[in-house]
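Thanks for coming. I will walk through one structure today, chain by chain, and then turn to its cores.

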Amino acid sequence: MTIDRFWDLLSKKHCGEASSSELAELEEILLTRPEWKNTAEVLANLSFQSTVFENNGEAEKAFEDHLTRMKKADVEFDEIEPGYNEIESVRKRRNLKKWLISAGAVATGLVLFYLLRILMVSSEMQNGSRSTLSQVSTKPGSKTQIQLPDGSVVRLNSSSSLTYDKNFGKNIREVNLSGEAFFDVTKDSSHPFIIHTNVIDIKVLGTAFNVKSYPNDANTETSLIRGKVEVTVKNRSNEKIYLEPNEKLVVANNNATINNTPPDQPHQIDNKADHSSKPVYAVQHLTYYPVDSTIIETSWVDNKLIFQANETFLEVALKMERWYGVKIKFADEEVAKIRLFGSFTNETIDQALDALREGNGFNYKISGNEITITK
Amino acid sequence: MLQQAVACFDDTQAYKKLFLLFYPSLVHFAVSIIKSKESAEEIVSDVFIKIWQKRQHLEKVENLSFYLFTSVKNRCINQFNDLKNRTGITITDVSIEFKSIYHDPEQKMISAETIKQIQEAIQDLPPRCRLIFKLVKEEGLKYKEVAELLQLSVKTIENQMSLAFKKIGSAINFKVHQLAVFSKN
């Protein structure tokens, strides 16, 4: 009987539903049953949250469909400009009348809005004084180019976002990246340029390099074209990895080991699987597309989508999803394992799929934004 | 907060965030009522269109998540009645996923193993119990609000939450035998 009462009271307490007498009763029970305390504490320290901010590809897609429906229903909606939206522009659109009517409420709203914004986009940003964040993001299928206040140029690939402080460049040049970007950093030895991603931090002075850090990819890749970069893998902050031009650093996003090791021998490989909490990394050479010697890692900048010979259709599909802004599903598991190679520039998704279909024995069906691959 | 941004600034970005934040849970919830993913997505989209059209009133909404869940429920019931001329909702086959469980990192005693056990315990809860647990713990709804939403009594919500805590608590390794013995009394 006591145990059931215990669960009643404990659940009420943790859902904010317990009265003060019920809280006292729970305390009393715990005094007589100290052995239940542990369980109570473990449950008290849990909180449940959905992870929509981390992996919201599906919801993003749903939002686009939602906008389409809104348009059809003739609902006026100042659509977020494709590929490029800055918080600044949103602020300009603020309703002036509201300011006059309820300036107080607006001020409160503004403060809360920015606080939340900061919570959401800048957990990594060390220098993030409030109300000064800019975010540039791209949708699937679109790319954009940003010039930062220091003159550095960032090309942002599809489904990516770059966040930086409005004070960028005053002390330290710092950005957060999710997705893929090509950086051409203006040289300024007194202000190092730092890129934060989920698993690595990259510190540079003046160079050109590519960073690929999609949350749903297996690896984070840093490919150096010229100059020098210093990479710190999170959880291994005492080790610094220096890259030379023509090298790339591959860091496993999860605790997985790195697969797809290219034929040329990696300089250094770390396979201590027992250190499971530390990301595994390897330094490899950049890969060239044999047909025209394009560097595959940065080919997206020139609007080229290249698949290496050792990539499975499943991996290729992920790239195509971002490239074309579509959703690809496999009706057949065997087809997902086919290894493909090829290069596309201006082809449409139909043309690309038709070309891949040649000699690879699969079929596809397009309905709206969704493509199903069958045998 | 986002709510205010949408209401005061006509902020399309905040509106998008709001959509992304609630969309998955609302669709899950709608599917548990009308059993069709397509209709569920349409209903949730309709609710969000209404939200945008009536954004000036958004500031006055006290508990947005309750408001959204209730709107979705009402639309589901309307559609359901149109289709089958039946009233009432039956909740079956709710697949609620708790994608992640956060815990205080200082609290060393919670191991990955324990987290796994908790997750399994949640998955093993009866569907209705799991839905109630999700609405309370993940969406932050009050017992009273969940009761109203699901047309159940507050007492039932209390019992279901108690059951959920019991199952999850018992799944945790510590003192599991002791608890099992006591619960038989």
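I will use the word buried a good deal, so here is the cut-off: a residue is buried if 20 or more other C-beta atoms lie within 10 Å of its own, with C-beta atoms placed from the backbone. With that in hand, look at helix α8 of chain A, where Phe313(A), Val316(A), Ala317(A), Met320(A), Glu321(A), Arg322(A), Trp323(A) and Tyr324(A) are buried. Please keep in mind that this is a predicted model.

Staying with α8(A), the helix covers residues 313-324, twelve in number. From first C-alpha to last, α8(A) reaches 15 Å, close to the 16 Å expected at 1.5 Å a residue. What comes after α8(A)? The helix is followed by Gly325(A), which has a positive phi, near 65°.

Now chain A as a whole. Its secondary structure comes to ten helices and 22 strands. Of its 375 residues, 30% count as buried. Taking contacts in chain A between residues at least 6 apart in sequence, 48% join residues at least 24 apart.

Among those strands, I picked β8(A), residues 200-204. Which of its side chains are buried, and which are not? Ile200(A), Ile202(A) and Val204(A) point to one face and are buried, while Asp201(A) and Lys203(A) point to the other and are not. The side chains alternate along the strand.

Next, the partners of β8(A). Strand β7(A), residues 193-196, runs antiparallel to β8(A) and is joined to it by four bridges. In that pairing, Phe193(A) has Val204(A) as its bridge partner. The two strands form a hairpin, with three residues between them. β8(A) also pairs with β11(A), residues 229-233, in the antiparallel sense over five bridges. There, Asp201(A) stands opposite Thr232(A).

Further along chain A is an open sheet of three strands, in the order β19-β22-β21, with mixed pairing. β19 (327-330) and β21 (363-367) of chain A stand at the edges, each with a single partner strand, so one side of each has no neighbour in the sheet. From one strand to the next, the twist averages 20°. β19(A) and β22(A), residues 370-374, pair in the parallel sense over four bridges. Lys327(A) stands opposite Glu370(A) in β22(A).

Moving to chain B. How many helices and strands does chain B have? There are nine helices and one strand. Along the sequence, the pattern is α-α-α-α-β-α-α-α-α-α. Chain B has 185 residues, of which 41% count as buried. Of the contacts in chain B with a separation of 6 or more, 66% are between residues 24 or more positions apart.

One helix to look at here is α7(B), residues 143-150, in which Tyr143(B), Glu145(B), Val146(B), Leu149(B) and Leu150(B) are buried. These residues cover an arc of only 165° around the axis, which puts them on the same side of α7(B). Just after α7(B), Gln151(B) takes a positive phi of about 55°.

Last, the cores. The largest nonpolar core has 58 residues, and Leu26(B), Ala30(B), Val44(B), Val72(B) and Val146(B) touch the most other members. Helix α2(B), residues 12-34, gives the largest share of this core, 14 residues. Another core, of 31 residues, lies apart from it and includes Leu148(A), Tyr164(A), Val175(A) and Leu177(A). As for Val44(B), leaving aside neighbours within four places in sequence, its contacts are Tyr23(B), Leu26(B), Val27(B), Ala30(B) and Val72(B).

Key. Residues are numbered from 1 along each chain as its sequence is written. Chains are lettered from A and ligands numbered from 1 in the order in which they are written. This is a predicted model: local features need pLDDT of at least 70, side-chain atom pairs count only at pLDDT 80 or more; totals for chains, interfaces and linings use all residues. A nonpolar core is a set of buried Ala, Val, Leu, Ile, Met, Phe, Trp, Tyr and Cys residues joined through C-beta atoms within 7 Å. A residue is buried if 20 or more other C-beta atoms lie within 10 Å of its own, exposed if 12 or fewer, and partly exposed in between; C-beta atoms are placed from the backbone. Two residues are in contact if their C-beta atoms, placed from the backbone, lie within 7 Å. The expected span of a helix is 1.5 Å times one less than its number of residues. Two strands pair if DSSP finds at least two bridges between them. The arc is that of the directions from the helix axis to the C-beta atoms. Axes are lines fitted to C-alpha atoms, for helices over the stretch in contact, and angles run from 0 to 180 degrees between N-to-C directions.
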